[in-house]
Amino acid sequence: MRSTLSRWYSALVFDRPWLVIVLLLLAVAGFGWYAQDFRLDVSADSLLMEDDKELEYTREVSQRYGATDSVTIAFTPRNMDLLSDESLAIMADIRDDLLELERIETVNSLLNVPIFGDTPLTGISEDYATITDDDIDREAARQELRTNPVFSNAVISPDGTTGAMLASFQEDTRYIELINRRTELRNQREAGGLTEAEAQELEQVSEQFDAYSAQAAELRHQDIAAIREILSNYDDEVQLYLGGAPMIADDLVTFVQNDLATFSLGVFAFIVIALGLIFRRLRWVLLPLACCAVAGVIVVGILGFMDWKVTVVSSNFMSLLLIITISLTVHLMVRYRELRASRRFSKQQKIVRHAVRAMFLPCLYTALTTIVAFGSLVVSGITPIISFGWIMVMGVLTALIVVFLLFPAMMSLLPAEKRERPKAMRASFTALLAKATDKLGNKLLWVYALVFVVSAIGITRLQVENSFISYFSEDTEIYQGMKLFDEKLGGTLSFDVVVRLADDAASDDGFDDGFDDGFDDGFDDGFDDGGAGDDNPYWFTADKMNRIERMHEFLDEHPQTGKVLSFGAVVQLAEELNGGEVDSFLWALLYTMLPETLRSTVLTPFVAIEENEIRFNVRVIESDPDLNRNQLIEDVRTGMQENFGLAPEQVSVTGTLVLYNNVLQSLYQSQILTLGVVLAAIMLMFLALFRSLKIAVICIIPNIIAAALVLGIMGWLAIPLDIMTITIAAISIGIGVDNTIHYMHRFRREFHRIGNYRQTMFYCHSSIARAMYFTSLTIVAGFSILVLSNFIPTMVFGLLTSVAMLVALLGALTLLPQLLIAFRPLGEESHPGAQQVSGVVS
């Protein structure tokens with residue numbers, strides 16, 4: 001079977017190289033067409049755990065309280081007062097421009113919030129005063145708004161110099177309809193199974209939702225762009241910053257897309273320069289680039305054809321595909337050049353065949369172990385990381401197939417390269433490493449043991465935390481905007497605290513006004529159904545309102561929370577206007593008198609009478625250096641229970657921020673599980689390849705130390721383990737395994753010829769080690785440009801990937817050979833006193 005495949009391969013690649021090239025060009029053309037369907041996805045689903053039930057509950061809460069997507073505009077006049085006629089006129093123009101956009105439903109700002117002045121509590125009506133009324137004392141209004149518990153830190157900053165405009169998008173009923181139906185069918189499938197018709201409906205609804213969500217994301221991108229264009233028209237008069245979750249999600253996509261476009265070209269250029277400087281031949285630059293281009297187009301086309309959405313996490317797949325493809329190609333190139341130099345009179349095709357045959361098995365095993373490394377990510381349980389793992393599995397397979405088809409086919413058509421007779425090994429980097437390893441001897445093992453201990457300590461310092469603001473450089477608009485929102489407008493991102501009140505009005509939870517008039521004679525007057533219906537003014541009791549107010553104050557007093565939006569702020573305002581506490585009768589009266597315009601902004605988003613439920617929307621100070629999401633959420637959850645006598649099931653903390661925190665908290669456990677699976681799988685691969693437990697253990701040690709060192713560096717430098725950096729350990733192991741297999745494969749073969757561990761090391765450092773060195777040097781040179789990105793995850797990815805390459809190289813060229821020399825897994829030396837073997841210069 002193996003010989004038959006080998007004959008077919010040789011007959012195709014070496015006898016019909018033009019056919020191979022034409023077939024690959026057709027594949028590029030075909031998949032290139034589908035590459036136009038390639039797209040990024042940063043929806044809530046794409047950044048969350050696949051089985052997180054909180055996602056369903058978050059959607060339920062949003063629908064119940066009518067919470068729609070919105071963006072906030074921070075409005076700071078440059079050379080005028082915030083409440084001046086000119087400033088308010090500009091704000092009005094911006095409002096009008098925004099309302100002309102098709103999908104903007106409302107714009108709330110200083111222009112339409114009520115100014116109460118001396119208005120008594122019972123005097124609130126639909127015809128309330130606003131800041132634009134002629135008879136309003138604006139300085140008095142400023143002072144009122146600055147201290148107003150509802151509007152301060154929401155529509156105006158505490159210092160009265162910055163205003164906020166909240167632009168709310170229309171509710172997307174089609175999106176809600178599809179997501180609800182998909183969720184319903186999924187839950188039914190998990191509970192008891194689906195009929196054939198329901199299963200078909202689920203597949204159809206899922207396809208419709210995927211298509212519609214892509215369309216909705218594009219429309220939201222257009223909306224954000226249109227809003228920014230409107231704001232740009234007023235830059236001269238007003239400093240304007242855009243904030244809100246839709247804007248952050250859109251900017252994440254924009255930054256990633258820009259980095260993919262800009263830095264892909266930069267990485268490409270640096271790799272071209274590195275290949276040119278190393279090999280100094282045009283063919284050795286064009287060949288790896290051709291392989292990279294063909295593999296890249298095919299993979300992108302497959303992703304587009306399969307509608308396989310790439311998330312922020314997997315957006316670096318193209319860079320990793322470059323690493324893998326270049327590594328495979330460079331190893332073939334170096335092996336060919338070695339053979340060409342030592343067999344100057346052999347025919348070109350014979351040398352190409354020999355080089356391909358010699359490198360196929362080590363390259364196959366490196367590809368398989370890399371597939372195992374990335375395939376281990378599927379056990380993480382986190383949707384975007386699972387997707388990234390599968391994408392890389394497909395990418396590695398594609399790279400292996402493309403390189404072993406395109407390289408020999410093109411080399412068969414090219415004339416033989418003229419090479420001089422090999423010279424003695426000169427003082428190259430790999431030669432210096434060989435000499436250093438030989439000189440240090442077993443001391444090197446103690447050095448690596450110390451490195452491992454220091455790395456392990458660093459791992460214990462790893463932080464499972466990050467904030468969205470830390471993804472951006474300080475000189476970017478999004479960073480400056482989020483900083484301003486944190487400092488002056490109570491933060492941007494938020495989470496919800498939902499409290500379910502006890503159904504029994506006389507329960508011990510304190511949500512009963514304690515009043516019994518003694519007239520319960522069973523008579524039903526028809527005005528009160530005795531429950532918490534949609535329109536029940538008697539739900540608003542004095543004790544209940546006081547309790548809600550104290551909950552609001554508890555949340556507001558936490559040092560890491562910003563503005564708290566809830567009905568508790570309305571209670572505080574009502575007490576200010578009333579000059580004291582409001583009794584139950586007055587609360588019932590206020591409920592019936594509340595103007596519809598105010599009801600939709602201060603009541604409906606925070607009170608669900610029918611469910612006997614209240615909602616607190618809590619903003620978070622993202623720029624707080626001490627922010628710990630998990631601790632904050634736990635403080636809120638336990639604090640609400642302990643301070644207000646609530647049962648655990650009565651308090652829910654939910655929202656996008658909570659969902660993201662759930663992902664963060666699973667990362668550390670996922671990292672350990674992932675590393676455990678990948679190391680165990682690679683250990684089995686080593687056993688299958690080398691058929692020796694001793695060799696397998698020796699080969700796994702450098703990879704363990706490489707992964708530990710990368711994670712340890714993250715711990716010591718306080719680089720948090722988040723959804724963007726979790727893949728680095730798998731990457732470092734994947735790269736390290738490639739080097740280990742190539743070196744060990746060559747070392748074992750040459751040892752049987754040389755018969756001396758030390759001299760075999762010197763020989764391998766002059767041959768296969770140079771290919772490893774060239775590959776690492778090329779990749780590090782290319783990835784160094786990523787440090788110029790304004791998107792911090794891209795910069796960190798470039799730095800850590802470069803570190804992983806260097807660590808993997810050093811481990812394979814120092815620790816691995818010393819372990820082989822010290823423990824002699826290949827048996828005793830047959831030539832213990834052999835002289836140094838002449839190296840091969842490539």
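Student: Is C363 buried or exposed in this model?
Tutor: In this predicted model, C363 has a relative accessibility of 0% and therefore counts as buried.

Student: Which cysteine sulfur is nearest to that of C363, and how far away is it?
Tutor: The nearest one belongs to C291, at 11 Å, and C363 is in no disulfide.

Student: How many disulfides are there in the whole structure?
Tutor: A search of the whole structure finds zero.

Student: Why does C764 not form a bond with C699?
Tutor: C699 holds the closest cysteine sulfur to that of C764, but the distance is 12 Å, which is too far for a bond. A disulfide needs the two sulfur atoms within 2.5 Å. C764 also has 0% relative accessibility, so it counts as buried.

Student: Let us turn to the domains. Where are they in the sequence?
Tutor: The domain assignment gives domain 1 as 4-42 + 250-418 + 425-460 + 662-823, domain 2 as 65-249, and domain 3 as 477-504 + 535-654.

Student: How many residues of domain 2 and domain 3 are in contact?
Tutor: The contact involves 41 residues of domain 2 and 42 residues of domain 3. The centres of these two domains, taken over C-alpha atoms, are separated by 19 Å.

Student: And A249, where is that?
Tutor: A249 belongs to helix α8, which covers residues 245-279. With a relative accessible area of 25%, A249 is partly exposed.

Student: How far apart are A249 and V356?
Tutor: In sequence they are 107 residues apart, and in space their C-alpha atoms are 46 Å apart.

Student: What about the largest nonpolar core: how many residues has it?
Tutor: It has 241 residues. Those with the most contacts inside it are I227, F495, V497, F540, F567, F616 and M640. The element that gives the most to this core is helix α12 (residues 383-413), with 17 residues.

Student: Which residues does M640 touch?
Tutor: Not counting residues up to four places away in sequence, M640 touches V497, V499, M551, F554, L555, F616, G645, L646 and V651.

Student: Next, R283. Is that arginine buried or exposed?
Tutor: R283 counts as buried, because its relative accessibility is 18% and the limit for buried is under 20%. R283 sits in helix α9, residues 282-305.

Student: What does R283 contact?
Tutor: Leaving aside neighbours within four places in sequence, R283 is in contact with P288, Y336, Q348, M411, L414, P415, A416 and E417. A polar atom of the R283 side chain lies 2.7 Å from the backbone oxygen of P415.

Student: Which residues of α5 are buried?
Tutor: In helix α5 (residues 138-147), the buried residues are A141, R142, E144 and L145. Seen down the axis of α5, they fall within an arc of 165°, so they line one face of the helix.

Student: What caps the N-terminal end of α5?
Tutor: D137 does, with a side-chain oxygen 3.2 Å from the backbone nitrogen of E139.

Student: Last topic: what is phi for R691?
Tutor: R691 has a positive phi of about 55° although it is not a glycine. R691 lies in the loop between α21 (656-690) and α22 (693-716), and it is exposed, with a relative accessible area of 76%.

Student: And what is phi for R824?
Tutor: Phi of R824 is near 45°, which is a positive value in a residue other than glycine. R824 lies in the segment after α26 (792-823). With a relative accessible area of 33%, R824 is partly exposed.

How values were computed. Residues are numbered from 1 along each chain as its sequence is written. This is a predicted model: local features need pLDDT of at least 70, side-chain atom pairs count only at pLDDT 80 or more; totals for chains, interfaces and linings use all residues. Side-chain values use heavy atoms; hydrogens and water are left out. A nonpolar core is a set of buried Ala, Val, Leu, Ile, Met, Phe, Trp, Tyr and Cys residues joined through side-chain atoms within 4.5 Å. Buried means under 20% relative accessible area, exposed over 50%, partly exposed in between (1.4 Å probe, protein chains only). Helices (H or I, at least four residues) and strands (E, at least two) are DSSP runs, numbered from the N terminus. Contact means heavy atoms within 4.5 Å. A polar contact is a pair of N or O atoms within 3.5 Å; within protein, one must be able to donate a hydrogen and the other to accept it, and residues adjacent in sequence count only if both atoms are side-chain atoms. The arc is that of the directions from the helix axis to the C-beta atoms. Domain bounds come from an automatic or database domain assignment.
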